[in-house]
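Ready for a little practice in reading a protein model? Keep the structure in view and work through the exercises at your own pace.

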Amino acid sequence: MKQARRARLPTPIREQQRLDPSEREAIIAREAVSFFAEHGFEGQTRELAKRLRITQPLLYRYFPSKEALIERVYQEVFVGRWKPSWEKIITDRSVPLKARLIQFYREYAEVILTYEWIRLFMFAGLKDLGLNARYLKMLRERAFERVIEEIRIEYGRPSTDELPTTDLEVEMIWGLHAAIFYLGVRKFIYSMPLETDVNSIIDAKVTTFLGGVRFVLPAKAMA
C-alpha cells in the first residue's frame, strides 16, 4: 500500500489580537515546517499564509523574507532537535562501545526517521540551500569524530590527537549513518514501509559495522 501522506489540518491563527507575538511566530514556524515538508522549499509563502488564514504581509512582519523563514525551519528541525546527551552517550567509556553506538543510533533514529525531517532534508539538498552542508558539518564534529576516536581506543589504535582522522575512516562512518538515514528515505520518499523493527535493523547494522571497521583503522604503533 502506498505510504499515506501525513494528513494534517492547518493551524489557523485565530483571534490574532489576543495572541502574544512570540506565540504567533511559533505557530507560523510550526506550520512552515509542515508546509515545506509537504510541498518542498518551492512552496510559496502566499500559500502558507492562506493555510494559516492570515495575510502574506502579516507573515512577513514576523519573517521578513522567505529565506528567514527557511532558516527558522532549519533551526527548529535540524539544530533544535539535536540532543547534546548523544555526545555523552558516544564517549561514555563505562559502557561497551557496541552498546553506546546502538543507544546513540536508536535515539537518533527516533528524531530523524520522521516525515518532516527526512523530506525537509531531501528537499533542502535538491534546492541546494546550503542547509545540508551546515548540518553535516555539525554532524561530523559532534558525532563522527567522536565515534572514530572511540573506535580507535576500542581497538588499541593511535588517538586522533596522535594521528588525524583519515578520509577512509570518515567514509566508513558515513556508510553506517547513511544506511540508517536510508530507512527514512524508503518510508517517506519511496513510500516503502519497513518490514522489520527499526531497532533490530540498527542493532544489526552497528554489529556489522564494528565487525569490519577495524580493517581500515590506522595500524597500531610500533613498540
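Here are three exercises on this predicted model, each with a worked solution.

**Exercise 1.** Work out whether the span of helix H10 agrees with its 16 residues.

*Solution.* Start with the residues: H10 runs over 198-213. The expected span is 1.5 Å times one less than the number of residues, which gives 22 Å for H10. Now look at the model, where the end C-alpha atoms are 22 Å apart, so the two agree. Finally, look at the start of H10: a side-chain oxygen of Asp 197 comes to within 3.2 Å of the backbone nitrogen of Asn 199.

**Exercise 2.** Find how the buried residues of H10 are arranged around its axis.

*Solution.* First list them: Ile 201, Ile 202, Val 206, Phe 209, Leu 210 and Val 213 are buried. Next, look down the axis: these residues fall within an arc of 160°, so they line one face of the helix. A general rule helps here: an α-helix has 3.6 residues a turn, so residues three or four places apart point the same way. Last, see what covers the buried residues of H10; helices H6, H8 and H9 are among the elements that do.

**Exercise 3.** Decide whether Glu 150 is buried or exposed, and find which residues Glu 150 touches.

*Solution.* Begin by locating Glu 150 in helix H8. Its relative accessible area is 4%; buried means under 20%, so Glu 150 is buried. Then check its neighbours: leaving out residues up to four places away in sequence, Glu 150 touches Ile 90, Thr 91, Arg 93, Leu 97 and Arg 100.

Conventions: Residues numbered from 1 in each chain as written. Predicted model: local features only at pLDDT ≥ 70, side-chain atom pairs only at ≥ 80, totals over all residues. Heavy atoms only, no water. Helix = DSSP H or I, 4+ residues; strand = E, 2+ residues; numbered from the N terminus. Buried < 20%, exposed > 50% of the residue type's maximum accessible area, 1.4 Å probe, protein only. Arc of directions from axis to C-beta. Contact = heavy atoms within 4.5 Å. Polar contact = N/O pair within 3.5 Å; in protein donor to acceptor, adjacent residues only side chain to side chain.
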